[in-house]
Amino acid sequence: MTLSQDRSRSVTPAASPTLTTQIQQSVKVAANTDRDVEVPTDCLVRAGVSLKGLTTWKVGGLAQWYLEPKTLVETQAGLAWAKQQGLQITVIGAGSNLLISDRGLAGLTICTRHLRHVDTQFDRETQSIVADAGKMVASLAWQAARKGWGGMEWAAGIPGTVGGAVVMNAGAHGHSTQEILVSTEVLNLDGSIETLTNQDLNYSYRTSNLQGDARIVLSAKFQLLTAEDPEDIKARTFRDLEKRHSKQPYDRPSCGSVFRNPTPLYAAALIEGLGLKGHRIGDAEVSTLHANFIINRKDAKASEILELIYYVKSQVRAKYSIELEPEVKMLGEF
């Protein structure tokens, strides 16, 4: 496996293997054992990569090891290398629902935002779509709208990838991924590929059994509605997008909704009822536009955001005896 140091910052990850670089050849990586492990592949793994720019909150420390694969082969090679080194694996997509610790992430972080497993396929006979994990959900929604296919209008404002939507059961405006997902291809840690149906994922509100799992989504198949006038579908898609933008703070970094709604109540209404809009800890702030959003005003730390999350939870618990459950996924040590 070809390995390189990220020269943007001079960082030596803790407990990192010793590197011996041989250009255009295989590289021997000294594992934490008494022997060298040689993995001949063109896959590029980097050490000490900042994760701050890879989440929509714009916070987070360094990845001890980082891989951004573009192909299935690169992904499989990365998994094999991590297994040989005894490294834990963390998978991220567009980073739209993540809070990564200021301390960074140990092991190998695999970012799938550029993973291209399949070309996007539109089946006109069945109105079904197959898209790769790295495809942005919003882009796919607009492609469907232009064809006059209904069912994804709600997704035009989702700031994540197809892979992330499958794992998190992303949704908006009362709709979610589970309504349209037929099946998904996932890569197991042993490098094998498995097809899972909608039922296999045990979907519930903003979660699936892939959450907290190291399996990597490669592609997904969606079933949309019978073709209509494209102008009507585009109009509905635009209305949903406008509704989202008018009520949510898109001018500052955030993760989207922080808390799951405690049905039949709404987390935003509970938080707003406590007068917590605008409440700050450092540069982390409860949005003045939407109380279920915490924004990074400028230079917030992950620790400040987490402290604000806990503060909001404690205030809602004290006032309403309701335990808000975070929708955001927290990675690393805090």
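**Figure 1. Lining of the largest cavity by residue class: eight nonpolar residues, one polar residue and no charged residues.** The model shown here and in the other views is predicted. The residues that line the largest cavity are Val-137, Leu-140, Met-152, Trp-154, Val-162, Ala-165, Thr-177, Ile-180 and Phe-222. Helix H2 (137–147) and helix H3 (162–168) are the elements that each give two or more residues to this lining. The space in the largest cavity comes to about 50 Å³. The count of cavities of 30 Å³ or more is one.

**Figure 2. The largest nonpolar core, a set of 30 residues.** The members that touch the most other members are Met-152, Val-162, Val-166 and Leu-210. At least two residues of this core come from each of strand S11 (128–132), H2, H3, strand S14 (181–187) and strand S16 (216–223). The element that gives the most to this core is H3, with five residues. Two of the residues named here, Met-152 and Val-162, also line the largest cavity.

**Figure 3. Surroundings of Val-162.** With residues up to four places away in sequence not counted, Val-162 touches Ala-131, Asp-132, Ala-133, Lys-135, Val-137, Leu-140, Ala-220 and Phe-222. Among these partners, Val-137, Leu-140 and Phe-222 line the largest cavity, as does Val-162 itself.

**Figure 4. The second nonpolar core, separate from the largest and made up of 27 residues.** Members of this second core include Val-286, Ile-294, Leu-324 and Val-328.

**Figure 5. Two buried cysteines, Cys-111 and Cys-255.** Cys-111 has a relative accessible area of 0% and is therefore buried, the cut-off being under 20%. Cys-255, at 6% relative accessibility, also counts as buried because its value falls under that cut-off of 20%. The structure holds zero disulfides.

**Figure 6. Overall setting of the close-up views: a protein of 334 residues.** Six helices and 20 strands are found in the protein. Of its residues, 51% are buried. Among contacts with a separation of 6 or more, 64% are between residues 24 or more positions apart.

Notes
Residues numbered from 1 in each chain as written. Predicted model: local features only at pLDDT ≥ 70, side-chain atom pairs only at ≥ 80, totals over all residues. Heavy atoms only, no water. 1 Å grid on protein atoms, 1.4 Å probe; cavity = no way out; pocket = protein on both sides within 12 Å on 5 of 7 lines; lining within 4 Å. Points joined across faces, edges and corners; volume = space filled by probe spheres on them. Helix = DSSP H or I, 4+ residues; strand = E, 2+ residues; numbered from the N terminus. Nonpolar A, V, L, I, M, F, W, Y, C, P; charged D, E, K, R; others polar. Disulfide = S-S within 2.5 Å. Buried < 20%, exposed > 50% of the residue type's maximum accessible area, 1.4 Å probe, protein only. Core = buried A, V, L, I, M, F, W, Y, C linked by side-chain atoms within 4.5 Å. Contact = heavy atoms within 4.5 Å.
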